[in-house]
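Open the model in your viewer and follow the stops below in order. At each stop, make the selection before reading on.

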Amino acid sequence: MSEQTLADTLDRSTHIAYYRRHLRLLPQPYTSTDLSRLTLIFFCVSALDLLQALPVGTDELSQTREWANWIYLHCMLDDSSGFRGSPGTDSHIASTYFAIATLAILRDDFKRVNRGRILGWLKQCQRVSGDFKGSFAPLLLSNKPHGELDLRFGYCASALRWMLAGEGGSDDYDTGACADFIMRCINYDGGIGQEPGTESHGGLTYCGLSTLMLLNRIDNLTLEQKRRLTRWLVSRQIKGSTEDQTEVFDLGSSGLAAGFNGRVNKDPDTCYSFWIGASLSILGDFSLIDFNANANFLLACTQNRRFGGFGKLPGDFADADTPDVMHSYLGLAALSLSSQEMHLRHLDPALCLTTETKSYLGTLRGKWMV
Ligand SMILES: [Zn+2]
């Protein structure tokens, strides 16, 4: 790799074929995720956006319209108050986020989206009392918040609020309570846990931090809290903890491969290169990581050159290292945070969409907010 640039080692055409193939037909291992088809579609479509490989010609444009029509036809609720992950399931906050984000990437005109209904439904999903006041449930049951507690749903609600220009409207939810709940999830080590008092976790730290960013409340964090959080995030980059991995990570003259873990004493995993890298990017501290070592981890250790995509862990086509669309998307997204050498579109770290797609949404927001 020493004679190649980093960009040379990203096999773009194989990756593009990988995502297009998965949009046509999902392999058997995805059977158990059938209820989350919209999520899988988002990972593939957004990856093609990063790779600048969405259909652009007139004939090909009919393909993007077909994908958008599928989302409306099979996943939008009859009363337009949200989207389901797959035909026959209930409206879900994550599915609604993935639907709106995917439609934006496909440059849909949003004429079939009922913004008011979705924003009103979101407001109902927020818990307004009790120990978890301010957090979001994933769905409603008898018009009340229902389901597990997870900062991911607060993130989905905040991204939807931004994408659909819900700020300050009559259906806007209590953003102060949402931010307060996240602040209560910050631990002594600086990271953020699932709920107050639980272990700091890379994915949930990203969700909490991005939510504060999207709500314009990042300055709720004190300088000391930011310093501790940055220290915790930077400490997640490791070479590996087992002999096997040390072997895999030895790239000779190419230097060190060092990915990220999501919790203390865990092994590095492709997706945390994004969760941690994007968090540091939001804090303006991305330059503190060893980006080349992380790129080596992704490109030399978890990229699958034969089939495209990225596996979760380093390896050579063992079961655990078979690429999946989530890790494949997040591997690319991590690389795009510093994409000059990769020829990838740049990603907005809080919204997890390309800056081009964010700009398209910005134009729509401008019309909606008049
Ligand atoms: Zn992972």
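Select the zinc ion in this predicted model and show the atoms that coordinate the zinc ion. Asp 269 appears twice, through OD atoms, and the other donors are SG of Cys 271 and NE2 of His 327. The distances run from 2.2 to 2.6 Å.

Stay here and look at the angles. Among the four donor atoms they range from 52 to 117 degrees, and the site is irregular. A tetrahedral site would need all angles to lie between 85 and 135 degrees. For four tetrahedral donors the ideal angle is 109.5 degrees.

Next, color the chain by sequence and find the donors again. Their spacing is D-x1-C-x55-H. Asp 269 sits in the loop between β4 (259–260) and α11 (270–283), while His 327 belongs to helix α13 (residues 325–336), so this pair ties together parts 58 residues apart in sequence. Turn on the surface: are Asp 269 and His 327 buried or exposed? Both are buried.

Now select helix α9, residues 223–234. Its 12 residues should span 16 Å at 1.5 Å a residue, and the end C-alpha atoms are 16 Å apart, so the two values agree.

Show the side chains of α9. Which residues are buried? They are Leu 229, Thr 230, Trp 232 and Leu 233. These residues cover an arc of only 165 degrees around the axis, so they lie on the same side of α9. Rotate to the other side of α9, where Leu 223 and Arg 231 are exposed.

Finally, add the partners of the buried residues of α9: they pack against α8 (202–214), β3 (237–238), β4 and α11.

Terms used: Residues numbered from 1 in each chain as written. Predicted model: local features only at pLDDT ≥ 70, side-chain atom pairs only at ≥ 80, totals over all residues. Heavy atoms only, no water. Donors = N, O, S within 2.8 Å, 3.2 Å for Na, K, Ca; no water. Tetrahedral: all angles 85-135°; square planar, octahedral: opposite > 155°, others 65-115°. Helix = DSSP H or I, 4+ residues; strand = E, 2+ residues; numbered from the N terminus. Buried < 20%, exposed > 50% of the residue type's maximum accessible area, 1.4 Å probe, protein only. Expected span 1.5 Å × (residues − 1). Arc of directions from axis to C-beta. Contact = heavy atoms within 4.5 Å.
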